[in-house]
Amino acid sequence: MNIARHLALVDELCFRPFPAEHGPSAEGFAGPGCFWAVLESSHGLGGRDPAERAVTVEQYEKERDALYERLAPRWGRTAPWNLQTVLLRTEREEIPEPWAALSAHARVAYLWEAEGTGRWVAVAVADRDGADEVRLLAAVTEEAPP
């Protein structure tokens, strides 16, 4: 776990210009108005061993919570955002990105408006798909949450 490195990347993404086109980036994926950063990854763990996966999810949740404890003094204490609600809404309405994709991959996120940047920051553990790797994610976007 390298919380200092994760915080530095979130800070950088709050000010880095967004690319004109969608595509891979050094941190994960980027496009007009959004960055996705994979802070940690289980690198193919997928669904091979449910016990190992559960340990990884728990570890990444602790890292997400540690990021929350460092970011909350800056941008405010927030309740965890239940992404299940957003996922259910995608069936009935158009949910903007990155929020629709985040809800498809993660169950809960911490969310802030990064003061003075015009951007929103979310940190979450992508563990919804048992056949996929587990990832600790940060999303930085200009799009306000729905």
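**Sheet, helices and internal cavity**

In this predicted model, 7 strands form an open sheet with antiparallel pairing, in the order E1-E2-E3-E7-E6-E5-E4. The edges are strand E1 (23–24) and strand E4 (81–82), each of which pairs on one side only.

Strand E3, residues 34–41, pairs with strand E2, residues 28–31, in the antiparallel sense, and 4 bridges connect the two. Within this pair, Ala-30 stands opposite Phe-35 of E3. The hairpin of E2 and E3 has 2 residues between the strands, and Gly-33 in this hairpin adopts a positive phi near 80°. E3 is also joined to E7, again antiparallel, by 7 bridges. In that pairing, Ala-37 is found opposite Ala-138 in E7. E3 is mostly covered, with 7 of its 8 residues buried. In a regular strand, side chains point alternately to the two faces of the sheet.

Two helices are associated with the sheet. Helix H1 (residues 3–13) lies across E3, strand E6 (119–126) and strand E7 (135–141), and runs at about 175° to E3. Helix H2 (residues 50–75) also packs on the sheet, where it touches E3, strand E5 (106–114), E6 and E7. The direction of H2 makes about 20° with that of E5. E3 is thus listed among the strands that H1 lies across and among those that H2 touches. The same holds for E6 and E7, which lie under H1 and are touched by H2.

The search for enclosed space gave 1 cavity of 30 Å³ or more. The largest cavity holds about 40 Å³ of space. Its lining consists of Arg-53, His-105, Ala-126, Asp-127, Arg-128, Asp-129, Asp-132, Glu-133 and Arg-135. By residue class, this lining divides into 7 charged, 1 polar and 1 nonpolar. The nonpolar class is represented by Ala-126 and the polar class by His-105. The charged residues of the lining include Arg-53, Asp-127 and Glu-133. Some of the lining residues fall within elements described above: Arg-53 belongs to the range of H2, whereas Ala-126 and Arg-135 belong to the ranges of E6 and E7, respectively.

How values were computed
Residues are numbered from 1 along each chain as its sequence is written. This is a predicted model: local features need pLDDT of at least 70, side-chain atom pairs count only at pLDDT 80 or more; totals for chains, interfaces and linings use all residues. Side-chain values use heavy atoms; hydrogens and water are left out. Two strands pair if DSSP finds at least two bridges between them. Contact means heavy atoms within 4.5 Å. Axes are lines fitted to C-alpha atoms, for helices over the stretch in contact, and angles run from 0 to 180 degrees between N-to-C directions. On a 1 Å grid over the protein atoms alone, a cavity is a set of points where a 1.4 Å probe fits but cannot get out, and a pocket is an open set with protein on both sides within 12 Å along at least five of seven lines; lining residues have an atom within 4 Å of a point. Grid points are joined across faces, edges and corners, and a volume is the space filled by probe spheres set on the points. Ala, Val, Leu, Ile, Met, Phe, Trp, Tyr, Cys and Pro count as nonpolar, Asp, Glu, Lys and Arg as charged, and the others, Gly among them, as polar. Buried means under 20% relative accessible area, exposed over 50%, partly exposed in between (1.4 Å probe, protein chains only).
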